[in-house]
Amino acid sequence: MSKRGLVERLKNGENVLIANGYMWEFARRGYLTLGGYVPEVVIEHPELVTQLHEEFVHAGTDVLPAFTYFGHREKMRSIGREAEVESLNRQALRIARKVADQTGCLVAGSVCHTQVYSLNHPETHEKSRAIFKEVIEWAVEEGADYIVGETFSIFEEAMLALECIKQYGKGLPAVITLSAHVPDQTVDDVPIPEACRRLEEAGAVAVGLNCSRGPKTMIPLIREIRKVCKGPIAAIPVPFRCKDGCRTFYSFKDEETGKFLYPNNLECKKCSSDDIIEFATAAKEIDVQYVGLCCGNCAAYMRDLAEVYGRKPEASRYSCDLSLSFVWGEKKELNKVADKEFLYMVHGMEK
């Protein structure tokens with residue numbers, strides 16, 4: 001895709017694919033602490049951040065989010081690294097910018113829920129504004145193409161983030177996504193579809209949901225958002241098998257012990273490739289233009305999504321092809337007797 005801006009792409013009716021999930025992928029690889037959720041890997045192993053950007057480009061993403069999620073001053077203070085907050089943010093933006101310039105991708109700066117904002121404490125509102133302001137200004141100075149405000153559970157905080165992007169973002173477009181828990185409303189009691197509509201009316205170029213919910217539990221709410229929003233909508237679920245009665249990945253429990261699986265025991269609930277294809281198909285039918293995957297994402301999932309959206313990224317060269325299988329394929333190398341014996345074994349069938 002040629003280097004055109006986000007607004008131009010969306011106005012032309014194009015779909016924009018975004019690979020999120022850097023936090024969880026680096027935790028899985030052993031370079032980030034679940035619980036702290038601070039992107040120290042940007043400082044300590046910048047080459048790995050570059051590599052993951054390149055993996056997602058290979059798999060079909062259109063956007064490289066600068067890995068600044070929870071890289072704000074208060075979170076950095078919590079781990080004793082506040083002095084490095086600016087260097088982390090600028091480093092993350094420069095890494096993303098370099099890969100984007102080589103590949104034609106867009107760079108998204110990012111602000112997220114601060115874990116500071118509290119509805120009934122005005123002093124936290126000003127502290128949150130200060131957090132948003134400096135992160136947005138660094139993103140502008142380092143050449144971000146637009147700003148994402150993501151994972152908001154409090155409507156007022158999402159609106160504050162949008163206000164700050166408009167005030168300090170030097171005209172950069174804003175995408176705002178909420179995190180839906182249970183029931184389908186924000187912490188400050190705004191129904192999720194209404195919250196998205198109000199964010200759209202306030203100037204966000206795309207609105208919707210990210211994180212928290214899996215594909216099956218996000219899609220019904222995305223349908224409701226589509227009914228009330230006129231412009232582009234966003235859907236970026238976590239690739240976990242959430243379902244009725246367990247609508248977010250925070251809710252999973254171990255069937256044997258009864259303990260919650262979040263955060264470090266969730267692998268047993270991951271989506272299959274078919275789950276991602278089903279989600280992408282539904283999102284495309286709903287006309288979700290801004291689409292991706294969040295915590296738990298990987299390049300293989302992103303390729304599945306991209307292919308449903310009509311893309312053939314470089315990674316498609318290695319998509320599953322069972323015709324090449326020595327058992328199920330067209331050119332089996334084993335004789336029929338051996339095939340039969342093997343199939344009995346792999347399927348656990350009795351002879």
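Author: Two strands count as paired if DSSP finds at least two bridges between them. Keep that in mind while we look around this structure, which is a predicted model.

Reader: Okay, what makes β4 and β5 a pair?

Author: The bridges do. β4 and β5 share four of them, in the parallel sense, and the rule asks for at least two, so they pair. One of the bridges joins I147 to A174 in β5. To get from β4 to β5 the chain goes through α8, and this β-α-β crossover is right-handed.

Reader: What makes β5 and β6 a pair?

Author: Again it's a bridge count. β5 runs parallel to β6 (residues 206-210), with four bridges between them, and at least two are needed. V175 has A206 in β6 as its bridge partner. β5 and β6, with α9, make a right-handed β-α-β unit.

Reader: Why is β5 called mostly covered?

Author: Buried means under 20% relative accessible area, and five of the five residues of β5 are buried. In a regular strand, side chains alternate between the two faces of the sheet. Here both faces are covered: A174, I176 and L178 are buried on one side, V175 and T177 on the other.

Reader: Back to α8. How do you know that its length is close to what's expected?

Author: Helix α8 covers residues 155-168, which is 14 residues. At 1.5 Å a residue you'd expect 20 Å, and its first and last C-alpha atoms are 20 Å apart. Just after α8 comes K170, with a positive phi near 55°.

Reader: What do the buried residues of α8 pack against?

Author: They pack against β3, α7, β4, β5 and α9. The buried residues of α8 include F155, L160, I165 and Y168.

Reader: Y168 has a ring. What makes K133 count as sitting over it?

Author: A charge over a ring has to be within 6 Å of the ring centre and within 35 degrees of the ring normal. The charged end of K133 is 5.4 Å from the centre of the Y168 ring and sits over it. Elsewhere, K75 lies over the face of F70, 4.7 Å from that ring's centre.

Reader: How about rings with rings: why is the pair of W24 and F249 called tilted?

Author: There are 13 aromatic pairs by the ring rule. In this one, W24 and F249 are 5.6 Å apart, centre to centre, with 40° between the planes. Stacked needs under 30 degrees and edge-to-face over 60, so an angle between those limits is tilted. W24 is in helix α2 and F249 in the loop between β7 and α11, 225 residues apart. Both W24 and F249 are buried.

Reader: And why is the pair of F249 and Y250 called edge-to-face?

Author: The planes of F249 and Y250 meet at 65°, with the ring centres 4.8 Å apart. Edge-to-face starts over 60 degrees, so the name fits this pair. Ring pairs also link W24, F240, F249, Y250 and Y262 into a cluster.

Reader: Is Y250 buried or partly exposed?

Author: Partly exposed: its relative accessible area is 29%, and buried would need under 20%. F249, at 1%, is buried.

Reader: Last one: why is A59 called buried?

Author: A59, in helix α4, has a relative accessible area of 0%, so it is buried. Beyond its neighbours within four places in sequence, A59 has contacts that include A299, M302 and P313. A59 and A299 are 240 residues apart in sequence, yet 5.5 Å apart in space, C-alpha to C-alpha.

Terms used:
Residues are numbered from 1 along each chain as its sequence is written. This is a predicted model: local features need pLDDT of at least 70, side-chain atom pairs count only at pLDDT 80 or more; totals for chains, interfaces and linings use all residues. Side-chain values use heavy atoms; hydrogens and water are left out. Helices (H or I, at least four residues) and strands (E, at least two) are DSSP runs, numbered from the N terminus. The expected span of a helix is 1.5 Å times one less than its number of residues. Buried means under 20% relative accessible area, exposed over 50%, partly exposed in between (1.4 Å probe, protein chains only). Contact means heavy atoms within 4.5 Å. A crossover is right-handed if, with the strands pointing away from the viewer, the path from the first strand over the helix to the second runs clockwise. Rings of Phe, Tyr and Trp (its six-membered ring) pair if their centres lie within 6.5 Å; planes under 30 degrees apart count as stacked, over 60 as edge-to-face and the rest as tilted.
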